[in-house]
Amino acid sequence: MKKNLVLIETLHTGSGLEIIKAAKSKGVKIHFITAEYSWFECHCPAEIAEGINIIKVNWDKTSVRQEYLKLIHEQEKFSLFTQRDAFVEAVAEVAEEFKLNFTSSKAMKIARNKEKMREFFSQTFIPSPKYCYVNTKEELFISLKSLTFPFVAKPTKGSGSKDVIIIQSKTDLSMLDKFFNNESSANLLLEEFILGRVVSVESFTSNGKHHLLGVTNRLMGPQPYFVELGYAFPCRYENILQTKLEEYTKFILDKIEYKFGYSHIEYILGHDDVYLVEINARLGGGQLGKIMSYSLNLSVYELLIENLFETKEIDLDCKNLQAAACYTVYSQKPGVIESIKGMELASLFPNVLQVIQGLKIGDYAKETKDMMGQVAQVIATGNTPENALISAHSAATSIVVEVK
Ligand SMILES: Nc1ncnc2c1ncn2[C@@H]1O[C@H](COP(=O)(O)OP(=O)(O)O)[C@@H](O)[C@H]1O
Ligand SMILES: [Mg+2]
């Protein structure tokens, strides 16, 4: 039976194009529904766009459910997917109604709201930082009675470290003013700052069975922001930590009734325990999918596409894997990019698999406060995650960005 994939606005994330390529390679017909066709045109090369049924919509006038209903019929198989955070909840609801393989609506609601997530796990054994949820400046001042400096402030529905900031003392509080300046509630989560290594556990759930694929580490940029400069996969930690990461992840996925899909759960390895940071009900962002595919010796995107249509028994061998890493280059200063040098040189460095260009000459590079605005991403391999990251970083240092 012919297979159809209805994709909602999925091209904005690092893995969107890879999902399209994987579906095409499996002979799946793609229906791409978008309100931002110009984005599709810019980011999907013509040879890949060929054969895709592009449906332009205005989301004020239609819904994921209506668009899905217009397409389906009994003679062919249909599945529905998105990677775009703004649409995941709507897609989860439609998928549930039509019994399609996608993250459950309950799991999606908890994962997409950091305050809900904290509250949900507060009654469990999963260690979490102390936190306060505030909507107004008055609430912020009240919360200071129970929170100690430094603490981390973040929007409850954010991603990519956007607007995540460390507040060291009272003088830093003015950095939060922008959240309290408009009519709507601030929706800010304030959390005890946990010092330690930031990691994530990557997993794929099919038919309710969680396959833990491995752990990714992080190389963070300078505070007060939380920009990830590099990451490597698969990392192993001391037995106690590794066991906790695996146990906590399985517990979390079971507790939120995770039945299908990738998950990317972030933790901090604090001095006394492993703390839950956030749950992403999707594949990790950036180049993580590519790195995992290389390391696991399979396409994580093809695995997803196959399982969207039929639940298969998966037998993954996640031992003795080759390591891979990514290092991201940002502009040192904000401004219009005048030149980018050293891309070719970086690609010739030992162990480099790929150098991916982001911003181009003429684009505006903003100040690096979150993970938007990458100029280049260098992917490298190694016999250990540390060595892979050293290779990626070493090659990345030859890339020089000049702005005016
Ligand atoms: N309570 C915390 N203590 C220390 N660091 C934190 C804390 N919360 C978040 N961070 C850091 O900020 C980053 C971004 O926060 P996160 O909650 O993951 O938001 P986002 O959805 O934007 O990724 C995390 O990866 C981590 O490095
Ligand atoms: Mg995060």
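## A chat about helix 5, the domains and the ligand 1 shell

Author: In this predicted model, helix 5 is followed by K99, whose phi is positive, near 55°.

Reader: Which residues of helix 5 are buried?

Author: Helix 5 covers residues 88-97, and V88, V91, A92, V94 and A95 are buried there.

Reader: Is there a general reason for that kind of spacing, and what is it?

Author: An α-helix has 3.6 residues a turn, so residues three or four places apart point the same way.

Reader: And what covers the buried residues of helix 5?

Author: The cover includes two strands, strand 1 (3-8) and strand 4 (77-81). Helix 4 (64-71) and helix 6 (105-111) are also included.

Reader: Let us change topic. How is the chain divided?

Author: The division gives domain 1 (3-100), domain 2 (130-192), domain 3 (194-319) and domain 4 (322-404).

Reader: How far apart are the C-alpha centres of domain 1 and domain 4?

Author: Those of domain 1 and domain 4 are separated by 30 Å.

Reader: Where does ligand 1 lie with respect to the domains?

Author: Ligand 1 lies between domain 2 and domain 3, because both of these domains give residues to the shell around it.

Reader: How many residues surround ligand 1, and which are the closest?

Author: Ligand 1 is surrounded by 20 residues, and V152, E191, I194, F226 and E278 are the closest.

Reader: What is the make-up of that shell: how many nonpolar, polar and charged residues?

Author: The shell around ligand 1 holds 10 nonpolar residues, 4 polar ones and 6 charged ones.

Reader: Which strands each supply at least two residues of the shell?

Author: Strand 6 (151-155), strand 8 (188-192), strand 13 (261-269) and strand 14 (274-280) each do so.

Reader: Staying with strand 8, why is it described as largely enclosed?

Author: Strand 8 is largely enclosed by the rest of the structure because 4 of its 5 residues are buried.

Reader: What does strand 8 pair with?

Author: Strand 5 (residues 131-134) pairs with strand 8 in the antiparallel sense over 4 bridges, and Y133 has L189 of strand 8 as its bridge partner. Strand 6 also runs antiparallel to strand 8, with 5 bridges joining the two. There, A153 is matched with L190 of strand 8 as its bridge partner.

Reader: One more: how many residues of strand 12 are buried?

Author: In strand 12 (residues 228-233), 6 of 6 residues are buried.

Reader: Which strands pair with strand 12?

Author: Strand 11 (residues 219-220) pairs with strand 12 in the antiparallel sense over 2 bridges, with G230 of strand 12 as the bridge partner of L219. Strand 15 (residues 323-329) pairs with strand 12 over 4 bridges, also antiparallel, and F233 stands opposite A324 of strand 15.

Notes:
Residues numbered from 1 in each chain as written. Chains lettered and ligands numbered in written order. Predicted model: local features only at pLDDT ≥ 70, side-chain atom pairs only at ≥ 80, totals over all residues. Near = placed C-beta within 6 Å. Nonpolar A, V, L, I, M, F, W, Y, C, P; charged D, E, K, R; others polar. Domains from an automatic or database assignment. Buried ≥ 20, exposed ≤ 12 C-beta atoms within 10 Å, placed from the backbone. Contact = placed C-beta atoms within 7 Å. Pairing = 2+ DSSP bridges.
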